[in-house]
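Q: Could you take a close look at the aromatic pairs in this one, and at the helix packing around them?

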Amino acid sequence: MSKLGTLFSEAIVAFIATNIDDIIILLIFFSQVNVNFRPRHILLGQYLGFAAIIIASLPGFFGGLVVHREWIGLLGLLPIVIGIQQLVSRKEENITVQTVSSDFSQSTPTNPVLAFILSVLHPQTYKVAAVTIANGGDNISIYIPLFAGHDLASLGVILSIFFIMVGIWCAIAYFLSRQPTIGNILSRYGEAVVPFVLICLGLFIMYERGTFTLLPSILNGRFGS
């Protein structure tokens, strides 16, 4: 197999292995699409979050230090906070959506560049990005050694494939969420379940990364002596 073919295979396998669980999260996000939360917010948020993960992994290419899994697990606090926020503000959010829905079509900018900028700045985009970073934080420990073994050209090929795969991942989740059976289940139960899914996701991230093992040392450092 040629070097380019090897890079393609390596990048695709690495992406699928580290992002297979993102399909579920994306399905849940696409089930929440409404006048205030559009597919473009999910797509942009996914790209922003994944870009942050890639940037955090670049020290491997430059020969930097590996971030310990326990500290990476602290990213699990992000979906926990978002989930709690959704539970607390559920009623206010529903009222806001109903109020805005009647005027949404008129307030949408017609200029595509302006629409893109507003989508990037939209709070929903950063909510998706935060969950993406938290759920993919452990990818850093895999991407660092992966990047460290390649030159600049090879790294460019891998990153190009990674970012193409992000778009493919979003497309797969979007079309799956539009299937009648899956769509009905998600539309019926998705909104009520999402906050609990996010909280459980955050707790699992912290548990799987061993973050809870930091608590004794943190408590001893704060209250000991």
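A: Let's start with Tyr174, which is partly exposed, at a relative accessible area of 29%. This is a predicted model, by the way. The count of aromatic pairs comes to 13. In one of them, Tyr174 meets Phe30 edge-to-face, with 5.4 Å centre to centre and 75° between the planes. Phe30 sits in helix α2 (residues 22-31) and Tyr174 in helix α11 (residues 152-177), so this pair ties together parts that are 144 residues apart in sequence. Unlike partly exposed Tyr174, Phe30 counts as buried, because its relative accessibility is 3%, under the 20% cut-off.

Helix α11 also holds Phe162, which pairs with Phe147 in helix α10 (residues 140-148), 15 residues apart. That pair is tilted, at 6.4 Å centre to centre and 50° between the planes, and both Phe147 and Phe162 are buried. They belong to a cluster linked by ring pairs, together with Phe15, Tyr47, Phe50, Tyr143, Phe163 and Trp169.

Now for the packing of α11 against helix α1 (residues 3-19): the angle is about 45°, and the axes are 9 Å apart. That makes α1 oblique to α11, and the crossing is right-handed. On the α1 side, the residues that meet α11 include Leu4, Phe8, Ile12 and Phe15; on the α11 side, Ile158, Phe162, Met165 and Trp169 are among them. The contact residues divide into 15 nonpolar, two polar and one charged. Phe15, Phe162 and Trp169 turn up in this contact and in the ring cluster too.

How values were computed. Residues numbered from 1 in each chain as written. Predicted model: local features only at pLDDT ≥ 70, side-chain atom pairs only at ≥ 80, totals over all residues. Heavy atoms only, no water. Phe/Tyr/Trp six-rings, centres within 6.5 Å; stacked < 30°, edge-to-face > 60°. Helix = DSSP H or I, 4+ residues; strand = E, 2+ residues; numbered from the N terminus. Buried < 20%, exposed > 50% of the residue type's maximum accessible area, 1.4 Å probe, protein only. Axes fitted to C-alpha atoms, helices over the stretch in contact; angles between N-to-C directions. Parallel < 35°, antiparallel > 145°, perpendicular 65-115°, else oblique. Left-handed = near helix turned anticlockwise from the far one by under 90°. Contact = heavy atoms within 4.5 Å. Nonpolar A, V, L, I, M, F, W, Y, C, P; charged D, E, K, R; others polar.
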